[in-house]
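Hi everyone, thanks for making time this morning. Let me put the structure up, and then I'll walk you through it one region at a time.

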Amino acid sequence: MKDFEKAIEMMKKKNLFRTTRDFEQVDASRGQIGGREIVIFGSNDYLGLSSDPRIEDAAVKAIGKYGFGSTGSRLTSGSRDVFKELEDLISDVKDTQASLVFNTGYMANTGVISAVCDKDFEVFSDRYNHASIVDGIVLSGARTVRYRHCSMESLEKRLKESKSKKKLIVTDGVFSMDGDIAPLGDMSFLAKKYGAILMVDDAHGFGVLGQNGGGTCSHLGVSSKVDIQVGTLSKAVGGIGGYVSGDRDMIDYLMNSSRSFIFSTALPPLSACCAIKAINIIGSDSKGRKRLKELSDYMRGLLKEKGFDTGLSSGTPIIPIILGDEKKASLMGQKLMEDGIYMPAIRVPTVQKGQSRLRASLTALHTKEDVDNAVERISQRWKEINR
Ligand SMILES: *Cc1c(COP(=O)(O)O)cnc(C)c1O
């Protein structure tokens with residue numbers, strides 16, 4: 001039996017022990033804890049759709065029609081017409097032949113990579129890729145070859161050294177801790193040159209970047225050059241679910257071999273109904289996206305003026321404020337909370353040592369005043385801590 005007490009003690013000693021923070025959430029930018037109002041800079045609900053009244057209406061209609069649960073996996077009793085409708089809609093928006101919906105983005109990544117790759121594969125993975133990609137590679141039994149973050153020099157060197165005939169290159173579209181965008185044009189060139197499959201996890205790009213919110217691939221004009229697009233319905237779409245999108249044959253293959261798709265109960269149909277409504281809103285209304293971009297550029301600018309390092313972030317609503325020291329970053333998170341601002345401190349092991357940071361994520365529901373106030377508080381608290 002593992003000594004849990006000891007393990008917990010170790011975590012606490014390293015300042016790494018965490019507990020949940022239970023918001024009485026109101027919307028993407030504001031919540032309450034114990035009746036106290038908190039401005040939230042840590043939500044993935046970029047467009048505020050998680051609490052959109054139009055989607056609530058869709059949910060009420062859907063529960064009347066379909067009830068709560070789906071009763072089984074998609075290949076048994078769990079499928080409904082709305083899943084197909086949702087998949088067709090995703091394919092439309094992403095300009096691909098077909099799509100398959102999973103229960104979460106995490107399950108999409110683990111399910112897709114483990115079905116596509118086997119032990120004869122080498123998987124070339126950006127050092128900053130999301131944990132669900134890392135876990136998918138482990139599940140597949142393939143060899144992981146990590147390359148330097150967004151470095152095409154490093155990637156090409158690794159590809160050149162490889163003796164494997166089967167290669168997959170996998171990257172986040174928008175990186176979750178740095179808010180920068182993968183150079184997919186160059187990556188597709190290298191994929192072609194070295195005979196590799198190219199896979200993009202666009203969890204943070206879908207709904208935020210590109211014309212009608214299609215994501216990073218459409219933003220960079222490389223949709224036709226990316227073999228596998230994975231994403232989530234739990235960030236800008238505002239609900240829950242994951243998907244993979246690409247050629248029809250690949251999707252049919254995954255439907256028959258992806259274990260996280262086959263061996264798990266399908267989403268409640270009402271989740272699919274809500275996702276359809278949300279994606280339609282995203283496609284028909286670019287105001288939220290535009291506002292989000294303006295607000296993010298504004299906040300990055302203010303922080304830089306105050307002398308903060310916002311790293312590689314550009315053009316996305318994810319803004320790291322790199323502080324370096326673990327303890328100071330933690331303390332900053334706590335102090336801001338006292339000021340009524342939730343902006344999570346991100347530390348080892350999520351980011352490398354010496355790269356500890358606050359991570360701000362913006363939503364279309366934030367106001368300019370929210371941003372002004374947050375930057376002012378950050379600046380003030382940072383001075384206090386370093387006094
Ligand atoms: C959030 C995230 C996921 C997981 O998606 P869920 O739907 O929350 O499981 C996968 N990849 C990246 C890059 C993410 O940021």
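So, which helix gives the largest share of the shell around the ligand? That would be α4, residues 105–116, which contributes three residues to the shell. Before I go further, please keep in mind that what you see is a predicted model.

Let's stay with the ligand for a bit. There are 15 residues surrounding it, and Gly105, Asp201, His204, Thr232 and Lys235 are the closest. If you sort the shell by character, you get two nonpolar residues, 10 polar ones and three charged ones.

For those of you who like distances, here are three. A ligand nitrogen sits 2.5 Å from an N or O atom in the Asp201 side chain. One ligand oxygen is 2.6 Å from a polar side-chain atom of Thr232. And at Tyr106 the partner is the backbone: a polar backbone atom there lies 2.9 Å from a ligand oxygen. On its own the ligand has 380 Å² of accessible area, and the protein covers 86% of that.

Now zoom in on one of those closest residues, His204. You'll find His204 in the loop that runs between β8 (196–201) and α8 (216–220). Is His204 buried or exposed? Its relative accessibility is 5%, so it counts as buried. The His204 side chain makes a polar contact with the side chain of Tyr46, at 2.7 Å. Beyond the residues within four places in sequence, His204 is in contact with Asn44, Tyr46, Val174, Ser176, Lys235, Ile318 and Arg359. Two names to hold on to from that list are Ile318 and Arg359, as we'll meet their strands shortly.

Next, the strands, beginning with β8. Five of the six residues of β8 are buried, so the rest of the structure largely encloses this strand. β8 pairs with β7 (residues 166–172) in the parallel sense, over six bridges. To find the register on screen, look for Lys167, which stands opposite Ala196 in β8.

On to β14, residues 356–361. Here six of the six residues are buried, so this strand too is largely enclosed by the rest of the structure. As a reminder, side chains in a regular strand alternate between the two faces of the sheet. In β14, Ser356, Leu358 and Ala360 point one way while Arg357, Arg359 and Ser361 point the other, and all of them are buried. Which strands does β14 pair with? One is β11, residues 318–324, joined to β14 by six bridges and running antiparallel to it. Another is β13, residues 345–346, also antiparallel to β14, with two bridges. Arg357 makes a handy landmark, standing opposite Ile322 and also opposite Ile346.

Strand β10, residues 242–246, is mostly covered, with five of its five residues buried. Gly242, Val244 and Gly246 point one way from β10, and Tyr243 and Ser245 point the other way. β10 pairs with β4 (residues 98–102) in the antiparallel sense over five bridges, and four bridges join it to β9 (residues 228–232), again antiparallel. The landmark here is Tyr243: Val101 stands opposite it, and Gly231 is a bridge partner of it as well. Looking back at the ligand, Thr232, one of the closest residues, belongs to the range of β9.

Let me also show you an open sheet of four strands, ordered β1-β2-β3-β12, with mixed pairing. Why do β1 (24–25) and β12 (341–342) each have a side without a neighbour in the sheet? Both stand at the edges with a single partner strand, so one side of each is left free of a neighbour there. Inside that sheet, β2 (residues 30–33) and β3 (residues 36–40) pair antiparallel over four bridges, with Gly31 opposite Ile38.

Finally, a look at some exposed parts. None of the 10 residues of helix α1 (residues 4–13) is buried, so α1 lies largely in the open. Asn15 follows α1 and has a positive phi, near 65°. Asn15 and Lys327 are 312 residues apart along the chain, yet their C-alpha atoms are separated by 8.0 Å. Lys327 itself lies in helix α13, residues 326–338, and at 62% relative accessibility it counts as exposed.

That's my tour, and I'm happy to take questions.

How values were computed:
Residues numbered from 1 in each chain as written. Predicted model: local features only at pLDDT ≥ 70, side-chain atom pairs only at ≥ 80, totals over all residues. Heavy atoms only, no water. Buried < 20%, exposed > 50% of the residue type's maximum accessible area, 1.4 Å probe, protein only. Polar contact = N/O pair within 3.5 Å; in protein donor to acceptor, adjacent residues only side chain to side chain. Contact = heavy atoms within 4.5 Å. Near = heavy atom within 4 Å. Areas by Shrake-Rupley, 256 points an atom, 1.4 Å probe, with all protein chains shown as cover. Nonpolar A, V, L, I, M, F, W, Y, C, P; charged D, E, K, R; others polar. Pairing = 2+ DSSP bridges.
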